[in-house]
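The exercises below are meant to be worked with the sequence and the model side by side. Try each task before reading its solution.

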Amino acid sequence: MASRAGPRAAGTDGSDFQHRERVAMHYQMSVTLKYEIKKLIYVHLVTWLLLVAKMSVGHLRLLSHDQVAMPYQWEYPYLLSIVPSLLGLLSFPRNNISYLVLSMISMGLFSIAPLIYGSMEMFPAAQQLYRHGKTYRFLFGFSAVSVMYLVLVLAVQVHAWQLYYSKKLLDSWFTSTQEKKRK
């Protein structure tokens, strides 16, 4: 065996690394997927905080009605969308499958469902804006329906990717537990 400062061991050319142990693929995948989901959760958290700030300013009337309109109805149940993200974060330290499954189910109920309802609720206002150029709700001088549709599209993408990566992570964890049971 070669020392740090000494020559390479006799009889080897450095190509004998194939026998060394490697980290199993499902562990590598688990770490990568957890990282991706955490990034998505942080993007969701920022979006959620902006929505809470908008709703607070609207309800407390800190700015005039012309600056910040009252919240749409879909925004209230969407506030619960933080619960699936927290459940997802709680599932990571010990690879808790139950929390991850609860996170995925509640994401459909608290995140995706309000977004679908929101797209239907705002559709008549969007249709009026694009057909006639009239809008009655504003958000800092911009059409509130346009801004909220942009937020909605971002949120749908974040939650869809979060569900996709969570499913892959769940499969990775099942592979890991199945291998442990076989031994």
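**Exercise 1.** At which residues does UniProt place the feature "transmembrane region"? Describe the chain over the stretches for which values are available.

*Solution.* Begin with the record, and keep in mind that the model itself is predicted. The UniProt entry, which is unreviewed, places the feature at residues 41–64, 99–117 and 138–160. Next, turn to the computed secondary structure: over residues 41–64 the chain is 83% helix and 0% strand, and the C-alpha atoms at the two ends are 32 Å apart. Over residues 99–117 the chain is 100% helix, again with 0% strand, and here the end C-alpha atoms are 26 Å apart.

**Exercise 2.** Determine how helix α3 is oriented against helix α4, and then how α1 is oriented against α3.

*Solution.* Step one is to take the axes of α3 (residues 82–91) and α4 (residues 97–132), which come within 8 Å and cross at roughly 170°. Step two is to compare this angle with the cut-off, since angles over 145 degrees count as roughly antiparallel; α3 and α4 are therefore roughly antiparallel to each other. The handedness completes the description of this pair, as α3 passes α4 in a left-handed crossing.

Step three applies the same reasoning to the other pair, in which α1 and α3 pack at an angle of about 150° with their axes 10 Å apart. That angle makes α1 roughly antiparallel to α3, and the crossing of α1 past α3 is left-handed.

**Exercise 3.** Characterise the largest pocket: how much space lies in it, which residues line it, and which element gives the most to its lining?

*Solution.* Start with the volume, which is about 220 Å³. The lining is then read residue by residue: T47, L50, L51, A53, K54, V57, V68, L139, F140, V147, M148 and V151. Assigning these to secondary structure, the elements that give two or more residues to the lining are α1 (25–60) and α5 (144–182), and α1 gives the most, with six residues. Finally, sort the lining by chemical class, which yields 10 nonpolar residues, one polar and one charged. Under this classification Lys counts as charged, and K54 is among the lining residues.

Note on methods
Residues are numbered from 1 along each chain as its sequence is written. This is a predicted model: local features need pLDDT of at least 70, side-chain atom pairs count only at pLDDT 80 or more; totals for chains, interfaces and linings use all residues. Side-chain values use heavy atoms; hydrogens and water are left out. On a 1 Å grid over the protein atoms alone, a cavity is a set of points where a 1.4 Å probe fits but cannot get out, and a pocket is an open set with protein on both sides within 12 Å along at least five of seven lines; lining residues have an atom within 4 Å of a point. Grid points are joined across faces, edges and corners, and a volume is the space filled by probe spheres set on the points. Helices (H or I, at least four residues) and strands (E, at least two) are DSSP runs, numbered from the N terminus. UniProt positions are given in the numbering used here, feature names are shortened, and annotations may be inferred rather than shown by experiment. Axes are lines fitted to C-alpha atoms, for helices over the stretch in contact, and angles run from 0 to 180 degrees between N-to-C directions. Angles under 35 degrees count as roughly parallel, over 145 as roughly antiparallel, 65 to 115 as roughly perpendicular and the rest as oblique. A crossing is left-handed if the near helix is turned anticlockwise from the far one by less than a right angle, and right-handed if clockwise.
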